[in-house]
Amino acid sequence: MDDLVLTGTLALIAFFAVIIAGILAVLFFVLWLWSAACAGNYSSILLSLLAIIIAGCAYTGTGYYLLAIEWI
């Protein structure tokens with residue numbers, strides 16, 4: 001029973017660590033975008049938005065491909 005409690009506790013610690021790291025990553029990205037906008041560096045803003053759009057398109061394309069070959 002002690003191993004189960006230890007495993008569950010470690011899983012919860014890892015889960016909350018990932019949540020906190022994700023929140024901090026989003027806040028860092030927003031701060032970076034804000035400072036780039038204040039400095040007038042709009043090319044980096046456009047490149048980051050383009051990278052997000054390309055990643056979304058790759059994710060969607062992968063899903064459609066897997067659906068077409070009937071893996072999902």
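## Helices and their spans

Helices here are DSSP runs of H or I with at least four residues, numbered from the N terminus, and in this predicted model one such run, helix α2, covers residues 42-68 and includes Ser44. Helix α1 covers residues 2-39, which gives 38 residues, and the distance from its first C-alpha to its last is 55 Å, close to the 56 Å expected at 1.5 Å a residue. Helix α2 has 27 residues and reaches 38 Å between its first and last C-alpha, again a value close to expectation, which is 39 Å at 1.5 Å a residue.

## Residues that follow the helices

Each of the two helices is followed by a residue with a positive phi: after α1 comes Gly40, with phi near 80 degrees, and after α2 comes Glu70, with phi near 60 degrees. Glu70 has this positive phi although it is not a glycine, and its place is in the segment after α2. Glu70 counts as exposed because its relative accessibility is 68%, where the cut-off for exposed is over 50%.

## The packing of α2 against α1

Which residues of α2 are buried? They are Ser44, Ile45 and Ser48, and the buried residues of α2 pack against α1. For Ser44 the relative accessible area is 14%, so Ser44 is classed as buried, the cut-off being under 20%. When neighbours within four places in sequence are left aside, Ser44 is in contact with Trp32 and Ala36.

Ser48, which also lies in helix α2, is buried because its relative accessible area is 11%. With neighbours within four places in sequence left aside, the contacts of Ser48 are with Phe29, Trp32 and Leu33. Trp32 is thus a contact of Ser44 and likewise a contact of Ser48.

## A nonpolar patch on the surface

A nonpolar patch on the surface is formed by Leu12, Phe15, Phe16, Ile19, Ile20, Ile23, Leu24 and Leu27, which together have about 800 Å² of accessible area. Two members of the patch can be described individually by their accessibility. Phe16, at a relative accessible area of 46%, is therefore partly exposed, and Ile19, which is located in helix α1, is likewise partly exposed because its relative accessible area is 35%.

## Aromatic pairs

A pair of aromatic rings is described by the distance of the centres and the angle of the planes. How many aromatic pairs are counted? The count comes to 2 aromatic pairs, and one of them is formed by Phe15 and Phe16, whose rings lie 5.5 Å apart, centre to centre, with 65 degrees between the planes. That pair is edge-to-face, because an angle over 60 degrees places a pair in this class. Phe15 and Phe16 are also among the residues of the nonpolar patch.

## Gly56 and Ile19

Gly56 belongs to helix α2, and because its relative accessibility is 34%, Gly56 counts as partly exposed. Ile19, by contrast, has its place in helix α1. The two residues are 37 residues apart in sequence, and their C-alpha atoms are 21 Å apart in space.

Technical notes. Residues are numbered from 1 along each chain as its sequence is written. This is a predicted model: local features need pLDDT of at least 70, side-chain atom pairs count only at pLDDT 80 or more; totals for chains, interfaces and linings use all residues. Side-chain values use heavy atoms; hydrogens and water are left out. The expected span of a helix is 1.5 Å times one less than its number of residues. Buried means under 20% relative accessible area, exposed over 50%, partly exposed in between (1.4 Å probe, protein chains only). Contact means heavy atoms within 4.5 Å. Rings of Phe, Tyr and Trp (its six-membered ring) pair if their centres lie within 6.5 Å; planes under 30 degrees apart count as stacked, over 60 as edge-to-face and the rest as tilted. Patches are made of residues with over 30% relative accessible area and no salt bridge: like charges are joined within 9 Å, nonpolar side chains (Val, Leu, Ile, Met, Phe, Trp, Tyr) within 5 Å. Accessible areas come from the Shrake-Rupley method with a 1.4 Å probe; for residues, only the protein chains shown count as cover. A salt bridge is a side-chain nitrogen of Lys or Arg within 4 Å of a carboxyl oxygen of Asp or Glu.
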